[in-house]
Structures are given as C-alpha cells and as structure tokens.
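Let's take a walk through this structure, one spot at a time. Have the sequence and the 3D view open as you read.

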Amino acid sequence: MTKMRPEDGQGKPGRRADRETPAVRERLVERTCAWCGEPVAYSGRGRPPRYCTAAHRRRAWELRTAQDRAERPVSDGGQNRAPVREVVQRTVLQEPALARPAPRPAQRLSGQPYTLPEDAVEWVEALAALRRDMTNPRIYPFREQVARACERTALALRAGPPEPGQPESGAS
C-alpha cells in the first residue's frame, strides 16, 4: 500500500487543493399546475406531479386527445371541416274545422239518462257514489261547487221542515 503525498506539499495527503468550491445540490420543492397555474407541492419521491388535482389531469388529457382526434383525417375518425348542412322536410296538415257538437241531455257517467233519486235511500246511495267518484277526472274539477251545494243541502236538512205558509228557498 502506498501513501499519497501532497502535490505541492501543503494540506493533507490525498486531497486536492484546487477543490475549494462547494458542491451544489438542487431539489424540486414545488411547481405550478399545468392546467390552472396553482402551486403543487412535491415531496421529493417519485415523478413530480404536473397537476394539482385528478380533475385537472383529466381535463388536460381530454383536451389533448380531442385535439389529436380532430387533426386526424375523416376516414380515421377525425373531424369533418365541411360546414354542417341540414335537410328539413316540413309537412303541413290541414285539419277540417270541427263543429262543436250540440249540447247533449244530462246523463249519468254510465251513459244512462239522468234522473233524480226518488226516495231517501236512493239519495243516500247517490251521495255515496258521488263521494267515491270525487277522484274521477270528470267530477274532480267541480269539487268546490259540489261541496258548496252539499253544504247548503246539509244546512237545509238540519234546519228541519219549513213552516206551513213559508215559501221554500230556491237554488242559489
């Protein structure tokens, strides 16, 4: 084993006197997001991130691939540069004017001609049928008018029979 001697006689053996500049180390700490420009921290391990979020990475990828696809020829799935043309077929149908049908005589929902109940039992049955059919689309829009008429009738029934000589109140 041989000992190294200083070349100029100064300093310790094996050391070069001309190495006086210190070594410089650079370490990436942070970079900006390639999509939005916000700062993105880097831990020093692995590949440095280019985007601050996965959503920005996805947006950048979508934009890059869309541009690549648009630049391809149309035969390879690229974008057609010709203006869009539309062909529209318009057909006008003339319908004959429909005459309003003449008002028909009152009839029950079953189609039978309308007649008033003749006794109390028939009235109770008619009112029960009305209560069941209040959700029927032909009756439902008139529920307020039917309710008011029923209330006036109930008040008249509770008031008792009219006294002799008093005229009966008409429908109002």
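**Starting at an arginine**

Arg 72 is partly exposed, with a relative accessible area of 37%. Keep in mind as you look around that this is a predicted model. If you want to find Arg 72, go to the loop between H1 and H2. Leaving aside residues up to four places away in sequence, Arg 72 touches Gly 78 and Gln 79.

That loop is also where you'll find Tyr 114, with helix H1 spanning 54-71 and helix H2 spanning 120-132. Tyr 114 is partly exposed, and its relative accessible area comes to 46%. Which residues form a nonpolar patch on the surface with Tyr 114? They are Leu 116, Trp 123 and Leu 127, and the four together have about 430 Å² of accessible area.

Now for the cysteines. How many disulfides does a search of the whole structure find? The count is 0. Take Cys 33: its nearest cysteine sulfur belongs to Cys 52 and sits 3.7 Å away. A disulfide here calls for sulfur atoms within 2.5 Å, so a pair at that distance isn't counted. Cys 36 tells a similar story, being in no disulfide, with the sulfur of Cys 52 as the nearest one at 3.7 Å. As a reminder, a disulfide is a covalent bond between the sulfur atoms of two cysteines.

Are these two cysteines buried or partly exposed? Cys 33 is buried, with a relative accessible area of 4%, whereas Cys 36 is partly exposed at 36%.

Key: Residues are numbered from 1 along each chain as its sequence is written. This is a predicted model: local features need pLDDT of at least 70, side-chain atom pairs count only at pLDDT 80 or more; totals for chains, interfaces and linings use all residues. Side-chain values use heavy atoms; hydrogens and water are left out. Patches are made of residues with over 30% relative accessible area and no salt bridge: like charges are joined within 9 Å, nonpolar side chains (Val, Leu, Ile, Met, Phe, Trp, Tyr) within 5 Å. Accessible areas come from the Shrake-Rupley method with a 1.4 Å probe; for residues, only the protein chains shown count as cover. A salt bridge is a side-chain nitrogen of Lys or Arg within 4 Å of a carboxyl oxygen of Asp or Glu. Helices (H or I, at least four residues) and strands (E, at least two) are DSSP runs, numbered from the N terminus. Buried means under 20% relative accessible area, exposed over 50%, partly exposed in between (1.4 Å probe, protein chains only). Contact means heavy atoms within 4.5 Å.
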